[in-house]
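Please open the model in your viewer and keep the selection panel at hand. The tour below proceeds from one selection to the next.

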Amino acid sequence: MTIDLYPPCVNDTTPTIGADIDKICEEIHDACKGFGTDESKLLQAMGSQTPEQRCKVHICYKKKYGKELKDVMKSECGKRAFGQALQYLAVAPDMAECHMIKDACKGMGTNEMLIVSILCGRTNEEMEILKKKFFDIFSKDLGSLLDSETGGTLEFLLLNLLQASEDAYDPKVYTADKMADDIETLYKAGQGRLGTKEKDIFKLLCKCPAEYLSAMNLAYADKHGITLSHMLGSELSGIPKEAAEFMFGMKVKPIEAVAKLINKACKGFGTNEILLSTALIRYTQILPQVAEAYNEMFGKSLSQTVKSETGGDYEKLLLLLIESA
(Lines give C-alpha, C1' and ligand atoms only; values in the text may rest on other atoms or scores of the structure.)
Protein backbone atom coordinates (compact mmCIF):
# COMPACT_ATOMS: atom_id res chain seq x y z
CA MET A 1 0.00 0.00 0.00
CA THR A 2 1.05 3.60 -0.52
CA ILE A 3 0.72 5.87 2.50
CA ASP A 4 -0.68 9.40 2.46
CA LEU A 5 1.64 11.62 4.51
CA TYR A 6 0.05 15.01 3.87
CA PRO A 7 -3.03 16.09 5.84
CA PRO A 8 -6.00 17.37 3.76
CA CYS A 9 -5.27 20.99 4.73
CA VAL A 10 -1.79 21.01 3.14
CA ASN A 11 -2.98 23.12 0.19
CA ASP A 12 -5.26 25.39 2.21
CA THR A 13 -3.67 28.84 2.44
CA THR A 14 -6.53 30.19 4.59
CA PRO A 15 -7.27 27.37 7.04
CA THR A 16 -9.67 27.68 9.93
CA ILE A 17 -7.61 28.66 12.96
CA GLY A 18 -9.01 27.32 16.19
CA ALA A 19 -8.16 28.14 19.78
CA ASP A 20 -5.68 25.23 19.91
CA ILE A 21 -3.58 26.71 17.09
CA ASP A 22 -3.65 30.16 18.65
CA LYS A 23 -2.53 28.69 21.98
CA ILE A 24 0.40 26.83 20.38
CA CYS A 25 1.57 30.03 18.69
CA GLU A 26 1.45 31.91 21.98
CA GLU A 27 3.41 29.17 23.74
CA ILE A 28 6.11 29.27 21.05
CA HIS A 29 6.29 33.06 21.21
CA ASP A 30 6.53 33.06 25.01
CA ALA A 31 9.32 30.44 24.89
CA CYS A 32 11.36 32.61 22.52
CA LYS A 33 10.82 36.12 23.82
CA GLY A 34 13.24 37.97 26.06
CA PHE A 35 16.82 37.02 26.86
CA GLY A 36 17.45 33.34 26.18
CA THR A 37 15.15 30.62 24.88
CA ASP A 38 13.08 28.34 27.10
CA GLU A 39 14.00 25.17 25.19
CA SER A 40 11.85 22.95 27.38
CA LYS A 41 8.70 24.95 26.71
CA LEU A 42 9.62 25.38 23.05
CA LEU A 43 10.19 21.73 22.26
CA GLN A 44 6.95 20.80 24.03
CA ALA A 45 4.99 23.23 21.86
CA MET A 46 6.78 22.25 18.63
CA GLY A 47 7.17 18.51 19.12
CA SER A 48 3.63 17.63 20.14
CA GLN A 49 1.85 19.00 17.04
CA THR A 50 0.02 16.85 14.52
CA PRO A 51 0.83 17.30 10.80
CA GLU A 52 -2.46 19.17 10.41
CA GLN A 53 -1.52 21.55 13.22
CA ARG A 54 1.87 22.22 11.61
CA CYS A 55 0.06 23.35 8.46
CA LYS A 56 -1.91 25.89 10.46
CA VAL A 57 0.63 27.01 13.07
CA HIS A 58 3.17 28.36 10.61
CA ILE A 59 0.42 30.46 8.94
CA CYS A 60 -1.06 31.66 12.23
CA TYR A 61 2.34 32.53 13.72
CA LYS A 62 3.24 34.75 10.75
CA LYS A 63 -0.10 36.58 11.03
CA LYS A 64 0.19 37.10 14.79
CA TYR A 65 3.86 38.05 15.08
CA GLY A 66 4.96 39.08 11.59
CA LYS A 67 7.79 36.53 11.41
CA GLU A 68 8.28 33.20 9.68
CA LEU A 69 8.30 30.50 12.35
CA LYS A 70 11.08 28.64 10.53
CA ASP A 71 13.30 31.73 10.72
CA VAL A 72 12.56 32.10 14.41
CA MET A 73 13.61 28.48 15.04
CA LYS A 74 16.84 29.02 13.13
CA SER A 75 17.59 32.20 15.06
CA GLU A 76 16.75 30.74 18.47
CA CYS A 77 18.15 27.21 18.15
CA GLY A 78 20.78 27.27 15.42
CA LYS A 79 21.42 24.91 12.53
CA ARG A 80 22.58 21.77 14.33
CA ALA A 81 20.39 18.69 14.72
CA PHE A 82 18.00 20.18 17.32
CA GLY A 83 17.54 23.48 15.48
CA GLN A 84 17.27 21.78 12.11
CA ALA A 85 14.54 19.43 13.35
CA LEU A 86 12.61 22.39 14.78
CA GLN A 87 12.86 24.18 11.44
CA TYR A 88 11.26 21.19 9.70
CA LEU A 89 8.50 21.17 12.32
CA ALA A 90 7.93 24.89 11.81
CA VAL A 91 6.36 24.52 8.36
CA ALA A 92 3.68 22.41 6.68
CA PRO A 93 4.72 18.83 5.81
CA ASP A 94 5.07 19.48 2.07
CA MET A 95 7.22 22.55 2.70
CA ALA A 96 9.30 20.61 5.22
CA GLU A 97 10.06 17.92 2.63
CA CYS A 98 11.16 20.57 0.13
CA HIS A 99 13.63 21.96 2.66
CA MET A 100 14.81 18.45 3.53
CA ILE A 101 15.62 17.76 -0.12
CA LYS A 102 17.40 21.10 -0.44
CA ASP A 103 19.43 20.38 2.70
CA ALA A 104 20.30 16.92 1.36
CA CYS A 105 22.02 18.65 -1.56
CA LYS A 106 24.04 21.14 0.48
CA GLY A 107 27.77 20.97 1.08
CA MET A 108 30.20 18.29 0.01
CA GLY A 109 28.31 15.30 -1.33
CA THR A 110 24.60 14.64 -1.62
CA ASN A 111 22.68 12.79 1.09
CA GLU A 112 21.24 10.39 -1.47
CA MET A 113 19.41 8.13 0.97
CA LEU A 114 17.53 11.10 2.41
CA ILE A 115 16.28 12.02 -1.07
CA VAL A 116 15.39 8.38 -1.76
CA SER A 117 13.42 8.16 1.50
CA ILE A 118 11.35 11.22 0.55
CA LEU A 119 10.58 10.25 -3.04
CA CYS A 120 9.83 6.54 -2.55
CA GLY A 121 6.45 5.29 -1.41
CA ARG A 122 4.50 8.40 -2.39
CA THR A 123 1.05 8.60 -3.90
CA ASN A 124 0.95 10.18 -7.35
CA GLU A 125 -1.08 13.05 -5.92
CA GLU A 126 1.45 13.83 -3.18
CA MET A 127 4.34 13.66 -5.63
CA GLU A 128 2.66 16.34 -7.74
CA ILE A 129 2.09 18.50 -4.65
CA LEU A 130 5.75 18.11 -3.66
CA LYS A 131 7.07 19.08 -7.10
CA LYS A 132 4.83 22.15 -7.27
CA LYS A 133 5.71 23.27 -3.75
CA PHE A 134 9.44 22.87 -4.42
CA PHE A 135 9.19 25.17 -7.43
CA ASP A 136 7.06 27.66 -5.49
CA ILE A 137 9.68 27.88 -2.71
CA PHE A 138 12.94 27.74 -4.66
CA SER A 139 11.92 28.74 -8.22
CA LYS A 140 13.73 25.63 -9.43
CA ASP A 141 12.45 22.43 -10.93
CA LEU A 142 13.00 19.48 -8.60
CA GLY A 143 13.96 17.26 -11.52
CA SER A 144 16.66 19.72 -12.58
CA LEU A 145 18.10 19.73 -9.06
CA LEU A 146 18.24 15.92 -8.93
CA ASP A 147 19.78 15.84 -12.40
CA SER A 148 22.63 18.03 -11.15
CA GLU A 149 23.07 16.23 -7.81
CA THR A 150 22.80 12.57 -8.80
CA GLY A 151 23.82 10.41 -11.71
CA GLY A 152 23.67 6.98 -13.31
CA THR A 153 21.00 4.47 -12.39
CA LEU A 154 20.08 6.30 -9.18
CA GLU A 155 19.26 9.42 -11.17
CA PHE A 156 17.18 7.30 -13.55
CA LEU A 157 15.22 5.85 -10.62
CA LEU A 158 14.62 9.21 -8.94
CA LEU A 159 13.48 10.87 -12.16
CA ASN A 160 11.12 7.94 -12.81
CA LEU A 161 9.67 8.39 -9.32
CA LEU A 162 9.15 12.09 -10.03
CA GLN A 163 6.92 11.20 -12.97
CA ALA A 164 4.26 10.04 -10.47
CA SER A 165 3.51 7.18 -12.83
CA GLU A 166 2.43 4.39 -10.47
CA ASP A 167 -0.61 2.72 -12.00
CA ALA A 168 -3.84 2.27 -10.13
CA TYR A 169 -4.53 -1.41 -9.56
CA ASP A 170 -6.93 -2.78 -12.16
CA PRO A 171 -7.27 -6.58 -12.23
CA LYS A 172 -8.39 -6.36 -15.86
CA VAL A 173 -4.99 -4.84 -16.72
CA TYR A 174 -2.77 -6.56 -14.17
CA THR A 175 -3.65 -10.11 -15.17
CA ALA A 176 -1.87 -13.42 -14.64
CA ASP A 177 -0.55 -13.24 -18.21
CA LYS A 178 0.91 -9.79 -17.60
CA MET A 179 2.51 -11.00 -14.40
CA ALA A 180 4.15 -13.88 -16.25
CA ASP A 181 5.51 -11.42 -18.82
CA ASP A 182 6.76 -9.01 -16.15
CA ILE A 183 8.46 -11.80 -14.21
CA GLU A 184 10.26 -12.83 -17.39
CA THR A 185 11.29 -9.22 -18.01
CA LEU A 186 12.68 -8.90 -14.49
CA TYR A 187 14.47 -12.23 -14.72
CA LYS A 188 16.13 -11.32 -18.01
CA ALA A 189 17.14 -7.92 -16.58
CA GLY A 190 18.75 -9.42 -13.48
CA GLN A 191 19.08 -13.01 -12.43
CA GLY A 192 19.01 -14.39 -15.98
CA ARG A 193 21.89 -12.43 -17.47
CA LEU A 194 25.48 -11.46 -16.87
CA GLY A 195 25.38 -7.81 -15.83
CA THR A 196 22.18 -6.30 -14.45
CA LYS A 197 19.96 -3.98 -16.50
CA GLU A 198 19.00 -1.77 -13.57
CA LYS A 199 16.97 0.67 -15.64
CA ASP A 200 14.62 -2.04 -16.90
CA ILE A 201 14.04 -3.19 -13.32
CA PHE A 202 13.47 0.33 -11.98
CA LYS A 203 11.09 1.33 -14.76
CA LEU A 204 8.85 -1.67 -14.17
CA LEU A 205 8.88 -1.40 -10.37
CA CYS A 206 8.00 2.30 -10.42
CA LYS A 207 4.81 1.62 -12.38
CA CYS A 208 3.64 -1.46 -10.46
CA PRO A 209 0.79 -0.91 -7.97
CA ALA A 210 1.40 -2.33 -4.52
CA GLU A 211 -1.20 -5.11 -4.72
CA TYR A 212 0.29 -6.44 -7.93
CA LEU A 213 3.89 -6.17 -6.71
CA SER A 214 3.08 -8.15 -3.56
CA ALA A 215 1.64 -10.98 -5.61
CA MET A 216 4.48 -10.86 -8.12
CA ASN A 217 7.04 -11.10 -5.32
CA LEU A 218 5.72 -14.55 -4.42
CA ALA A 219 5.11 -15.61 -8.02
CA TYR A 220 8.71 -14.73 -8.87
CA ALA A 221 9.86 -17.08 -6.09
CA ASP A 222 7.69 -19.90 -7.42
CA LYS A 223 9.24 -19.46 -10.86
CA HIS A 224 12.90 -18.72 -10.03
CA GLY A 225 13.53 -19.94 -6.49
CA ILE A 226 14.00 -16.59 -4.74
CA THR A 227 11.61 -13.76 -4.02
CA LEU A 228 11.74 -10.61 -6.07
CA SER A 229 12.96 -8.69 -3.02
CA HIS A 230 15.91 -11.10 -2.67
CA MET A 231 16.67 -10.75 -6.36
CA LEU A 232 16.99 -6.99 -5.94
CA GLY A 233 19.38 -7.50 -3.03
CA SER A 234 21.58 -9.91 -4.95
CA GLU A 235 21.63 -8.19 -8.36
CA LEU A 236 22.06 -4.55 -7.31
CA SER A 237 24.71 -2.82 -5.22
CA GLY A 238 25.46 0.47 -3.50
CA ILE A 239 22.87 3.22 -3.23
CA PRO A 240 20.81 1.93 -6.20
CA LYS A 241 20.37 -1.32 -4.26
CA GLU A 242 19.32 0.53 -1.09
CA ALA A 243 16.96 2.71 -3.10
CA ALA A 244 15.34 -0.23 -4.90
CA GLU A 245 14.93 -2.19 -1.68
CA PHE A 246 13.38 0.81 0.07
CA MET A 247 11.02 1.53 -2.83
CA PHE A 248 9.98 -2.13 -2.91
CA GLY A 249 9.49 -2.16 0.86
CA MET A 250 7.42 1.03 0.87
CA LYS A 251 5.02 -0.54 -1.62
CA VAL A 252 4.80 -4.01 -0.09
CA LYS A 253 5.54 -3.57 3.65
CA PRO A 254 5.76 0.18 4.39
CA ILE A 255 5.72 -0.08 8.19
CA GLU A 256 8.68 -2.46 8.20
CA ALA A 257 10.46 -0.37 5.54
CA VAL A 258 10.28 2.75 7.74
CA ALA A 259 11.51 0.77 10.76
CA LYS A 260 14.51 -0.39 8.70
CA LEU A 261 15.16 3.19 7.54
CA ILE A 262 15.31 4.42 11.15
CA ASN A 263 17.62 1.54 12.06
CA LYS A 264 19.85 2.43 9.12
CA ALA A 265 20.09 6.02 10.37
CA CYS A 266 21.36 4.73 13.72
CA LYS A 267 23.56 1.88 12.55
CA GLY A 268 27.34 1.95 12.25
CA PHE A 269 29.76 4.65 13.29
CA GLY A 270 27.90 7.87 14.06
CA THR A 271 24.21 8.59 13.75
CA ASN A 272 22.81 10.01 10.51
CA GLU A 273 20.93 12.68 12.43
CA ILE A 274 19.15 14.29 9.49
CA LEU A 275 17.88 10.91 8.25
CA LEU A 276 16.69 10.05 11.78
CA SER A 277 15.01 13.43 12.32
CA THR A 278 13.26 13.45 8.95
CA ALA A 279 11.98 9.90 9.35
CA LEU A 280 10.40 10.62 12.73
CA ILE A 281 8.93 13.91 11.50
CA ARG A 282 7.64 12.69 8.13
CA TYR A 283 6.08 9.46 9.37
CA THR A 284 4.33 10.90 12.44
CA GLN A 285 0.99 9.43 11.41
CA ILE A 286 2.27 5.84 11.38
CA LEU A 287 4.88 6.06 14.16
CA PRO A 288 2.92 3.91 16.64
CA GLN A 289 2.87 1.03 14.13
CA VAL A 290 6.50 1.69 13.16
CA ALA A 291 7.57 1.65 16.83
CA GLU A 292 5.83 -1.70 17.34
CA ALA A 293 7.47 -3.18 14.24
CA TYR A 294 10.85 -1.75 15.24
CA ASN A 295 10.66 -3.47 18.61
CA GLU A 296 9.81 -6.81 16.99
CA MET A 297 12.48 -6.52 14.29
CA PHE A 298 15.42 -5.21 16.33
CA GLY A 299 14.68 -6.35 19.87
CA LYS A 300 14.54 -2.91 21.49
CA SER A 301 12.16 0.00 21.56
CA LEU A 302 12.42 2.97 19.25
CA SER A 303 12.72 5.23 22.30
CA GLN A 304 15.65 3.17 23.61
CA THR A 305 17.44 3.59 20.30
CA VAL A 306 16.91 7.36 20.31
CA LYS A 307 18.22 7.58 23.87
CA SER A 308 21.35 5.63 22.99
CA GLU A 309 22.06 7.56 19.77
CA THR A 310 21.24 11.17 20.71
CA GLY A 311 21.40 13.53 23.66
CA GLY A 312 20.28 16.84 25.17
CA ASP A 313 17.36 18.80 23.78
CA TYR A 314 17.62 16.92 20.48
CA GLU A 315 16.98 13.63 22.28
CA LYS A 316 14.06 15.14 24.20
CA LEU A 317 12.49 16.43 20.99
CA LEU A 318 12.72 13.09 19.18
CA LEU A 319 11.32 11.23 22.20
CA LEU A 320 8.41 13.69 22.29
CA LEU A 321 7.71 13.05 18.59
CA ILE A 322 7.48 9.33 19.33
CA GLU A 323 5.34 9.78 22.46
CA SER A 324 2.98 12.29 20.82
CA ALA A 325 2.32 10.28 17.69
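A pocket is here an open set of grid points with protein on both sides within 12 Å along at least five of seven lines, and its volume is the space filled by probe spheres set on the points. The model under inspection is predicted.

**Stop 1: the largest pocket**

Select Glu245, Phe246, Gly249, Ala257 and Lys260. Of the 20 residues that line the largest pocket, these five are the closest to its centre. The volume of this pocket is about 610 Å³. To display the elements behind the lining, colour helix H14 (228-235), H15 and H16, which each give two or more residues to it. By class, the lining of the largest pocket has 7 nonpolar, 6 polar and 7 charged residues.

**Stop 2: H16 against H17**

Keep helix H16 (residues 254-266) on display and add helix H17 (residues 273-282); their axes come within 8 Å and cross at roughly 155°. Angles over 145 degrees count as roughly antiparallel, and H16 and H17 are therefore roughly antiparallel to each other. The crossing of H16 past H17 is left-handed. Next, show the side chains in the contact: H16 contributes Leu261, Ile262, Ala265 and Cys266, while H17 contributes Leu275, Leu276, Ala279 and Leu280. This contact consists of 8 nonpolar residues, with no polar and no charged ones.

**Stop 3: the second largest cavity**

Retain H17 and bring up helix H3 (51-65) and helix H6 (93-104); each of these three helices supplies at least two residues of the lining of the second largest cavity. Which residues line the second largest cavity? The selection to make is Leu5, Tyr6, Pro51, Arg54, Pro93, Ala96, Glu97, Ile281, Arg282 and Thr284. H6 provides the largest share of this lining, 3 residues. The lining divides into 6 nonpolar, 1 polar and 3 charged residues, around a cavity with a volume of about 80 Å³. The structure holds 2 cavities of 30 Å³ or more, and the other is the next selection.

**Stop 4: the largest cavity**

Select Arg122, Asn124, Leu161, Glu166 and Cys206, which lie nearest the centre of the largest cavity among its 15 lining residues. About 130 Å³ of space lies within this cavity. Helix H8 (124-138), helix H10 (152-162) and helix H15 (238-252) should be displayed as well, since each supplies at least two residues of the lining. H15 thus returns from the first stop, where it gives two or more residues to the lining of the largest pocket. The lining of the largest cavity comprises 6 nonpolar, 6 polar and 3 charged residues.

**Stop 5: H7 against H10**

Two packed helices are described by the angle between their axes and the distance between the axes. Leave H10 visible and add helix H7 (residues 112-119): the two pack at an angle of about 25°, with their axes 10 Å apart. Angles under 35 degrees count as roughly parallel, and H7 and H10 are therefore roughly parallel to each other. H7 passes H10 in a left-handed crossing. For the contact itself, select Glu112, Ile115, Val116 and Leu119 of H7 together with Leu154, Leu158, Leu161 and Leu162 of H10. The contact of H7 with H10 holds 7 nonpolar residues, no polar residue and 1 charged residue. Leu161, part of this contact, is also one of the residues nearest the centre of the largest cavity.

Notes. Residues numbered from 1 in each chain as written. Predicted model: local features only at pLDDT ≥ 70, side-chain atom pairs only at ≥ 80, totals over all residues. Heavy atoms only, no water. Axes fitted to C-alpha atoms, helices over the stretch in contact; angles between N-to-C directions. Helix = DSSP H or I, 4+ residues; strand = E, 2+ residues; numbered from the N terminus. Parallel < 35°, antiparallel > 145°, perpendicular 65-115°, else oblique. Left-handed = near helix turned anticlockwise from the far one by under 90°. Contact = heavy atoms within 4.5 Å. Nonpolar A, V, L, I, M, F, W, Y, C, P; charged D, E, K, R; others polar. 1 Å grid on protein atoms, 1.4 Å probe; cavity = no way out; pocket = protein on both sides within 12 Å on 5 of 7 lines; lining within 4 Å.
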